Amino acid sequence: MKTLLLAFIGFFLMAAQDLQAQEDEVYKNYEKFLKQGDEALEKDRFKEAIINYITAEGYVPDNKEIIREKINYALDKTESLRIKADSLRTKAERNERIAKSAFKEVDKSKEELALALGEAREAKKEVEIANVQLKEEKEKVQKAFEEVEEAEHQTQLALQKANKLIRAFYFYDGKFALAYDGQFYFIDEKGNRIKKINKYSNAVQFDQRGFARVRKNKRDMLIDTFGIEYPVVYDVDDLGPNIKALDLSDQGLSKVPAKVFKNTQLEVLLLDHNHLSELPKSFKNLSNLKYLNLSHNHWSYIPSLTGRLFNLKSLDISHNKIKKFSPELGKLRYLNSLNLSNNSIRELPPEIGDMYNLQFINLNYNQLKNLPEELVKLKDLNSLHLEDNNLAEIPSWFNRLEEIKSLNLHSNSLYKNPIPASALVNLQSLDLSDNQLKKLPKDIAKLKNLKVLKVLSNSFSEEEKERLKTQIPWCQIEFVKDENKVNYLEMGTEAMRREAYKEAVELFLKDLSENNNPRTYGYIGQCYISLKDNKKALQYLNEYHILKPYLPATVIQLRELHFELKNYPMAAVFAKKVTVLLPEKHYHWHRYSQLALFAGQAADAIRAAKQALKVNKYRRSIMVYLASAYVLDDQWERAEQVYLEWKGITLETTKGSHLFDELFYQNIQELEQVGIRHRDFPKVRALFPNQRN
C-alpha cells in the first residue's frame, strides 16, 4: 500500500499500558517535528518544512489550524520568491530597452557610440545575471509547488485508505470492532475501548479464526480476543525460537512440514484450507500449543491429539468429512473451544463430559439425533451451536445447563416445547428457526436475560405471536425473514457458474460496498480474467493480495497478468513470491528464471535456474535460461560451455520437443524483442550462421 503522509491511517489497534505516557510521547514528537519545520523554513528548505509540519499534524490533528497557518506561510514565501523573480525579469526587460536605445544613438557620434556600447555591455551583464537568478528562482518555486502537490497526493491516498477502513468496519463475534484515533484499537458494541487489547500503529480486524493481525516493533503479530500477542510467520523457513504462531493456511499442503515439530515453542498453529488428511506422531511434541486450526481440509476422522497437548485451549476441525466423534478427545481437559461444524457426526460419546473446561461447542451442520446426558458435566458451557442436525426434542436434563447464554437449534426437527425456560435463566440468545414448533413454554417470561429470539419458519399462530410479544417485551423477536436482505455474494457466485461474468461483477461490487469481504476482490478479479480485461483483473487481484498476501493461486495470477501486460519487472517480483510460497515446485523456479531474464535481472535468473535444477534435476529445459542468463551476466565463457555441452540435444518443453540450439537462439531473440540488449548477443547469433534474424 501507499505510505501515509498526513496521518498513519490504515488498519490498526490496541492501547499502551500507560495512556498518559503515550500522550506525552505524542506531544513530544509533535513539538519535535514542529521545531524541525520552523528551522527548515528559516533556511528556505520549503519541502523539508512542509513535510515536518504535515508529520506534526499527524500526531496532534487538533492543532490543524496552527499547522495549516505555517504551511500557508511556507507557500507565501515561495510566492514572495516568485514576485522577486518577476521583478528581476522586469528589470532585465528595462535594461534591454536601454541597450536598444543606446544602439540607436551610435549614429550620432563615436563618443556616444562608445558610451552606448559600454552601457550596453553593462546592461547585458545585468540581463545575464538576472536571467540566471530568474532561472534559479523558477526552479525553487517549481520544486516547492511539486512538493506541495505530492503532499496533497499522499493526503488523498491516506483519505482513500481511511474510507476503506470505514467500509470494513464491523464487529467480530458482536464484541470486537476496529477503531482509529491516530492509533488502532478495539471497541465493544457500545463504542467503549476494550482495554485488555493494546493500541497499535498498524492492525487488521479479527478474522473468522479468532485472530487479528497487527504490527508491533516492525514484526507481524497475531492477537487473540484476550489481547495476548503471538509473533507470527507464514513460512517454515522463517521459524525461530521467538516465534509463537505459524500460519500455513491456504498453501496447498498435503502434509505438515517436519520442521514444524522441532519448534516446540509454538502456541498457535493455523493449518486451515489445505489438503491435510493425517498428522504424524511427532505432532504431539508441540506441548505448548494453545490454538490449533485444522478446518477446511480432507479429514475423514479426528486425528489423535492427546499425549502432551495438555495446553490446548482451542481446536477447530470444522468443514471436513468426519463421521465419528473420537472418545480420545475427552482427554483434552483444558480445551475451552471446540468447533466440529460442517462434518457428518452422528453421535457424541459420553467422554465429551470429561472436557470439563469447555465453554464453546459448535456442532452445526452434522447429523446428530440425540445428545448425551454427560453434557451436564460441562459447568462452564455458555455457548452451544446445534444448527442443522436431526434433533427431534431436547431432553429433560437440559435444564441443568444453567450457564448457557447462547443456544442455536436452527433447522432441526423440533416439534415439542424445546427448552426448559424456568432453568435457563442466563440465556441471552436463542435460535429456534426452521423447526416444527407451534408454541413455546408458558413460563418463557422467566428468561429475563433473553435479548434475541429467532423463531422464523415455524407454525406459530397469530395468537401465539402476540402472547410472546406481550410476555417478553424486552426481547427482540424475529418471526419472518428480512426479505430486503439480498445475498449479493451468493448471487454473484451463481452468475459465475453460469459464465455471466458481467452480471457477476455487478453483484460482487454491490457485496463489496456492503460487506467489504476480502474474497469478493478475488471473485471480481477472476471475472475480469474471464472477460479478458487484464488491467481491471490486476486491480482487484492486487487488492485481494494486499488483504490476503499468502495465497499462492492469487500470486501466480498476478505474475501472469503482469507478464501479459509486459510489465516484466513486476512479473519477476511476483514470480519470486511464488517460489517463497511454493519452494518445492520446480516449475515455479523455472518461470522465475524466465521472467527474471525478461526483466534484465541476470543474477536472479541464474539463481532461479540453479534452484530449479536442484528441485528437479530432470527439468533440463532450464538450461536454455541458464545459458541466456550467463550471457546477460557477462559470463560468456560459461554460456558457451553450456551451449557446447547441450548442442544438438532434444529437450521436452510445454510446447513440444525442440533442440537446445533452437531454443537458445529463440530465447535471445525474445529478449531483444522486449528491449533487452547485450554486447555478446552477436556472439550468440554467430553460433547459428544459418539462422535469419
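In this predicted model, D604 has a relative accessibility of 19%, which places the residue in the buried class because the limit for that class is under 20%. Its salt-bridge partner, R607, is exposed, with a relative accessibility of 51%, the cut-off for exposed being over 50%. The closest N and O atoms of R607 and D604 are 2.1 Å apart. Both residues belong to helix α13, which spans residues 602-615. They are separated by 3 residues, about one turn of the helix. Elsewhere, R209, D247 and D272 are joined into one network by salt bridges that share partners.

**Salt bridges**

Side chains of opposite charge can pair when their charged atoms come close. Over the whole structure, 17 salt bridges are found. Three of the pairs are set out below.

| Pair | N to O distance | Location |
|---|---|---|
| R607 and D604 | 2.1 Å | helix α13 (residues 602-615) |
| E466 and K469 | 3.7 Å | helix α5 (residues 462-471) |
| E229 and K216 | 3.0 Å | strand β7 (residues 229-233) and strand β5 (residues 212-216) |

The pair E229 and K216 links distant parts of the chain, its members being 13 residues apart. E229 lies in strand β7, and its relative accessibility of 21% makes it partly exposed. K216, in strand β5, is likewise classed as partly exposed, at 29% relative accessibility.

The pair E466 and K469 is contained within helix α5, where the two residues stand 3 residues apart, about one turn of the helix. E466 is partly exposed, with a relative accessibility of 44%. K469 also counts as partly exposed, its relative accessible area being 44%.

**Nonpolar cores**

The largest nonpolar core holds 77 residues, and within this core V260, F283 and L453 touch the most other members. Which residues does F283 contact, leaving aside its neighbours within four places in sequence? The contacts of F283 are F261, L269, L271, L289, L292, L305 and L309. A second core, separate from the one just described, consists of 43 residues, among them A596, V624, Y630 and F688.

**A buried loop residue**

L582 occupies the loop between helices α11 (568-581) and α12 (586-598). Is this loop residue, L582, buried or exposed? L582 counts as buried, because its relative accessibility is 10% and the limit for buried is under 20%. Beyond its neighbours within four places in sequence, L582 is in contact with Q251, P552, I556 and H588. For one of these partners, P552, the separation from L582 is 30 residues in sequence and 7.4 Å in space, taken from C-alpha to C-alpha.

**Cysteines**

A disulfide is a covalent bond between the sulfur atoms of two cysteines. How many disulfides does the model contain? The count is 0 disulfides, the criterion being a pair of cysteine sulfur atoms within 2.5 Å. Two cysteines may be described by their accessibility. C475 is buried, with a relative accessibility of 9%. C527 is also buried, and its relative accessible area is 0%.

Note on methods:
Residues numbered from 1 in each chain as written. Predicted model: local features only at pLDDT ≥ 70, side-chain atom pairs only at ≥ 80, totals over all residues. Heavy atoms only, no water. Buried < 20%, exposed > 50% of the residue type's maximum accessible area, 1.4 Å probe, protein only. Core = buried A, V, L, I, M, F, W, Y, C linked by side-chain atoms within 4.5 Å. Contact = heavy atoms within 4.5 Å. Salt bridge = Lys/Arg side-chain N within 4 Å of Asp/Glu carboxyl O. Helix = DSSP H or I, 4+ residues; strand = E, 2+ residues; numbered from the N terminus.
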